[in-house]
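This report walks through the fold one layer at a time. Keep the sequence and the structure in view while reading.

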Amino acid sequence: MIRHLVLFKLNEGVERDDPRVVEGVEAFRALGGLIEELRFWECGWNLSDRPIAYDFAINSAVDDADALQRYLEHPAHQAGVALWREFATWVIADYEF
């Protein structure tokens, strides 16, 4: 299996209650029930106030590299990514477990 982790940092001046952010969070929360390749799906806001902390996280798992690619190319995933590009940057780690 492959773990897919994504950490998001909101751009300067963007707050969690910004309507764009709210829409982006809703789009990502829905993915767990929309994309069959996802074997595990969770996402949520960071609770830490440490300056190095990111703001939002996705933790997911898929069966293999092919499933990961199908997930990444899925229209619902691409729509969510397009929303987040407007107000955040992110880092990704994919690893086998």
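## Helix H2 and the sheet

Helix H2 lies across strands E1, E2, E3 and E4. Its direction runs at about 35 degrees to E1. The model is a predicted one, and what follows describes that prediction.

H1 also packs on the sheet. H1 touches E1, E2 and E3. The direction of H1 makes about 160 degrees with that of E2.

## Sheet order

Four strands form an open sheet. The order is E2-E3-E1-E4, and the pairing is antiparallel. E2 and E4 are the edge strands, each pairing on one side only. From one strand to the next, the twist averages 10 degrees.

## Strand pairings

Start with E1 and E4. They run antiparallel and are joined by nine bridges. Two partners can be picked out in E4: Val91 is the bridge partner of Leu7, and Thr89 is that of Lys9.

E1 is also joined to E3, by seven bridges, and this pair too runs antiparallel. Arg3 has Ala61 as its bridge partner in E3. Leu7 stands opposite Ala57 in E3. Leu7 thus has Ala57 in E3 and Val91 in E4 as its counterparts.

E2, residues 40–45, pairs with E3 over six bridges, again in the antiparallel sense. Trp45 has Phe56 in E3 as its bridge partner.

How many of the seven residues of E3 are buried? Six of them are, so E3 is largely enclosed by the rest of the structure.

## The buried face of H3

Which residues of helix H3 are buried? H3 covers residues 75–85, and its buried residues are His77, Gly80, Val81 and Trp84. Seen down the axis of H3, these buried residues fall within an arc of 100 degrees, so they line one face of the helix. The spacing fits a general rule. An α-helix has 3.6 residues a turn, so residues three or four places apart point the same way.

What does this face meet? The buried residues of H3 pack against three strands and two helices, namely E1 (2–10), E3 (56–62), E4 (88–96), H1 (19–34) and H2 (65–73).

## Salt bridges

The count of salt bridges comes to three.

One joins Arg20 and Asp18, with the closest N and O atoms 2.9 Å apart. Arg20 is partly exposed, at a relative accessible area of 36%. Asp18 is buried, at 18%; the cut-off for buried is under 20%.

Another joins Glu37 and Arg70, with the closest N and O atoms 3.0 Å apart. Glu37 lies in the loop between H1 and E2, and Arg70 lies in helix H2, so the pair ties together parts that are 33 residues apart in sequence. Is Glu37 buried or partly exposed? Glu37 counts as buried, at 13% relative accessibility. Arg70 counts as partly exposed, at 43% relative accessibility.

Arg39 and Asp63 form a salt bridge as well, with the closest N and O atoms 3.0 Å apart. This pair links distant parts of the chain, 24 residues apart. Arg39 sits in the loop between H1 and E2, and Asp63 in the loop between E3 and H2. Arg39 counts as partly exposed, at 48% relative accessibility. Asp63 is partly exposed too, with a relative accessible area of 37%.

## The annotated span

UniProt, in an unreviewed entry, lists residues 2–95 under "domain: Stress-response A/B barrel". In the model, that span is 38% helix and 32% strand. The C-alpha atoms at the two ends of the span lie 5 Å apart.

Methods
Residues are numbered from 1 along each chain as its sequence is written. This is a predicted model: local features need pLDDT of at least 70, side-chain atom pairs count only at pLDDT 80 or more; totals for chains, interfaces and linings use all residues. Side-chain values use heavy atoms; hydrogens and water are left out. Buried means under 20% relative accessible area, exposed over 50%, partly exposed in between (1.4 Å probe, protein chains only). The arc is that of the directions from the helix axis to the C-beta atoms. Contact means heavy atoms within 4.5 Å. Two strands pair if DSSP finds at least two bridges between them. UniProt positions are given in the numbering used here, feature names are shortened, and annotations may be inferred rather than shown by experiment. A salt bridge is a side-chain nitrogen of Lys or Arg within 4 Å of a carboxyl oxygen of Asp or Glu. Axes are lines fitted to C-alpha atoms, for helices over the stretch in contact, and angles run from 0 to 180 degrees between N-to-C directions.
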